[in-house]
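Please read the points below next to the coordinates. They are ordered by topic, and each can be checked separately.

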Amino acid sequence: MTQDQTASPIRCLKCKTASQLFVCERLWDLKKARYIRIYRCECGELVWDE
Ligand SMILES: [Zn+2]
C-alpha cells in the first residue's frame, strides 16, 4: 500500500484548483499519529489532506 503524498492532488472545493494552495499550518492528528497539513487557497478556503 503506497501513498505518494507529494503527488496527491489536494484541491480547493470552491475553485477546484490545486495550484493556488499554500501550506498554512500543520496539526497533529492523535488518531492517525501524523500531521495533517492545512492549506489555504487564494480564495480563502481552507483545505486539508486526510
Ligand atoms: Zn479556492
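1. Second hairpin. In the hairpin formed by strand 2 and strand 3, five residues lie between the strands, and Gly 44 there has a positive phi near 100 degrees. Strand 2 covers residues 34-40 and pairs with strand 3 in the antiparallel sense over three bridges. Two strands are taken to pair if DSSP finds at least two bridges between them. Tyr 39 has Val 47 of strand 3 as its bridge partner, and Ile 38 stands opposite Trp 48, again in strand 3.

2. Basis of the model. This is a predicted model, in which local features need pLDDT of at least 70 and side-chain atom pairs count only at pLDDT 80 or more, while totals for chains, interfaces and linings use all residues. Residues are numbered from 1 along each chain as its sequence is written.

3. Confidence. The pLDDT, which is the predictor's confidence in each residue on a scale from 0 to 100, has a mean of 81 over the protein, and 82% of the residues reach 70 or more. Confidence is highest in strand 2, at a mean of 91, and lowest in strand 3, at 88.

4. Secondary structure. The protein has zero helices and three strands, so the elements read β-β-β from the N terminus on, where helices (H or I, at least four residues) and strands (E, at least two) are DSSP runs numbered from the N terminus.

5. Sheet. The three strands make an open sheet with the order 1-2-3 and antiparallel pairing. Its edge strands are strand 1 (22-29) and strand 3 (46-48), each of which pairs on one side only. On average, neighbouring strands of this sheet are turned by 30 degrees against each other, direction ignored. The angle is taken between axes, which are lines fitted to C-alpha atoms (for helices over the stretch in contact), and angles run from 0 to 180 degrees between N-to-C directions. As background, strands of a sheet pair through backbone hydrogen bonds, either parallel or antiparallel.

6. First hairpin. Strand 1 and strand 2 run antiparallel and are joined by seven bridges. Trp 28 stands opposite Tyr 35 of strand 2. Four residues lie between the strands of this hairpin. Ala 33 is in the loop between strand 1 and strand 2, and its phi near 55 degrees is a positive value in a residue other than glycine. Is Ala 33 buried or exposed? Ala 33 is exposed, because only 7 other C-beta atoms lie within 10 Å.

7. Burial. A residue is buried if 20 or more other C-beta atoms lie within 10 Å of its own, exposed if 12 or fewer, and partly exposed in between, with C-beta atoms placed from the backbone. By this count, 6% of the 50 residues of the protein are buried. Strand 1 is hardly covered, with zero buried residues among its eight.

8. Contacts. Two residues are in contact if their C-beta atoms, placed from the backbone, lie within 7 Å. Among the contacts in the protein with a separation of 6 or more, 29% are between residues 24 or more positions apart.

9. Segment before strand 1. Leu 13 is located in this segment. Which residues does Leu 13 touch, not counting those up to four places away in sequence? Leu 13 touches Glu 45 and Val 47. The C-alpha atoms of Leu 13 and Glu 45 are separated by 7.9 Å, with their positions 32 residues apart along the chain counted as the distance apart. Leu 13 nevertheless counts as exposed, because it has 10 C-beta neighbours inside 10 Å. Ser 19 is found in the segment before strand 1 as well. Ser 19 counts as exposed, with 10 C-beta neighbours inside 10 Å. From C-alpha to C-alpha, Ser 19 and Pro 9 are 9.1 Å apart in space and ten residues apart in sequence.

10. Segment after strand 3. Glu 50 has its place here and is exposed, since 6 other C-beta atoms lie within 10 Å. Glu 50 and Arg 37 are 13 residues apart along the chain, and their C-alpha atoms are separated by 8.4 Å.
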